[in-house]
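Here is a short briefing to read alongside the model. Take a moment with the sequence and the structure, then follow the points below.

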Amino acid sequence: MKNGTTSHIPAAILQGLRQTLEGAFTSTVALHVAPSEQTTDLLRPGIHCHRNWELFIPLHGALQFKAVGHPALTIGAGTLLIVPPECLHMQTASLPQAKNLRLLNMYIGASHESSNALQLGLRGPRNWLSFALTAAETVAWTVLLSEPPESVMGKVAQALGQRSRWSRERAAGLLRVLISAYAEVVTTPRHGDHVPGERHVNAAIAFLHTHYFEPDLSLRQVSLAVGLSSSRLSHLFRQTTGQTLSQTVVDIRLRRALQMLAQSGYIIKEIAALTGWSSQLYFSAAFHKRYGTSPSAYRTQASTKRTLAQTGGLSE
């Protein structure tokens, strides 16, 4: 990930992604969609969910994946696993993984609370290299597709849910277009990347968006993912964003908690766990400090606003 290259993602990684997807396109059993039903099982460390779509693609070895409330899956090389938004699943690093596992993990989402990013596990899911699209590249990807990438993923999942040969071929075709457009965007030479270390900072932000749920997320972990020393990354991050990595993690966790309080049925203790807080007490204190209200009071306010919106704001 050196500045000045024509692409922030090495050509070898893109080639591996293309080859893996080509193999998936020719197989009748190579595409899987993870189950996304909510569960009443006790949430514990390592369980999380995203607003993004996720693609898991083993390049070598087999990946162990487990959606909460469902049996574990073994995903072999050449197989593509699609994980829908809000699918509760175990962090891959929390599961027993083969030592020879090499894994591509692609996040697809365009909201300000998520990043279009690709991660490569060089020696399994504990050792990542992280790459991120810029805002301009995300727009370019959408233009090439004629619709947002996450919309394409929705069509892919819908087609696979129909469980017919033709629907699977349609899903494979959509994925081919999605990845081809992605490859075209990231192999286009960048211009105007004038801020020193900007690509590393973008990659760090993407890594935070895709690992914020880990209570023990550390500066060292992020710096290893983007290929810089901890001190260098801290300096560049503050210089570029105006705040520290720790402050950014808190921002991401609180924004995600806001969304879950307003839209999910999880209790507050569960939301604290799913957004990376070590305890509900720390979560509630940080939430009150930022928003001036408690998580439960915010949830009540959000529910009232939603009810008024559904009834047109009319009252007796």
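Two residues of helix 6, Arg-220 and Leu-224, are exposed, on the side opposite its buried residues. This is a predicted model, and the notes below look at that helix and then at the cavities inside the structure.

**Helix 6 and its surroundings**

- Helix 6 spans residues 219-226, and Val-222, Ser-223, Ala-225 and Val-226 are its buried residues.
- Looking down the helix axis, you will find these buried residues within an arc of 160 degrees, so they line one face of helix 6.
- A general rule helps here: an α-helix has 3.6 residues a turn, so residues three or four places apart point the same way.
- The cover over the buried residues of helix 6 includes strand 10 (128-132) as well as helix 5 (198-211), helix 7 (230-241) and helix 8 (245-263).
- After helix 6 comes Gly-227, which has a positive phi, near 80 degrees.

**Cavities**

- Searching the whole structure turns up four cavities of 30 Å³ or more.
- The largest cavity holds about 120 Å³ of space.
- It is lined by 18 residues, and those closest to its centre are Gln-91, Thr-92, Asn-105, Tyr-107 and Phe-213.
- At least two lining residues come from each of strand 3 (53-60), strand 7 (89-90), strand 8 (102-108) and helix 5.
- By character, the lining of the largest cavity has seven nonpolar, nine polar and two charged residues.

**Where the two topics meet**

- Helix 5 is worth a second look: helix 5 is among the elements covering the buried residues of helix 6, and helix 5 also supplies at least two residues to the lining of the largest cavity.

Methods:
Residues numbered from 1 in each chain as written. Predicted model: local features only at pLDDT ≥ 70, side-chain atom pairs only at ≥ 80, totals over all residues. Heavy atoms only, no water. Buried < 20%, exposed > 50% of the residue type's maximum accessible area, 1.4 Å probe, protein only. Helix = DSSP H or I, 4+ residues; strand = E, 2+ residues; numbered from the N terminus. Arc of directions from axis to C-beta. Contact = heavy atoms within 4.5 Å. 1 Å grid on protein atoms, 1.4 Å probe; cavity = no way out; pocket = protein on both sides within 12 Å on 5 of 7 lines; lining within 4 Å. Points joined across faces, edges and corners; volume = space filled by probe spheres on them. Nonpolar A, V, L, I, M, F, W, Y, C, P; charged D, E, K, R; others polar.
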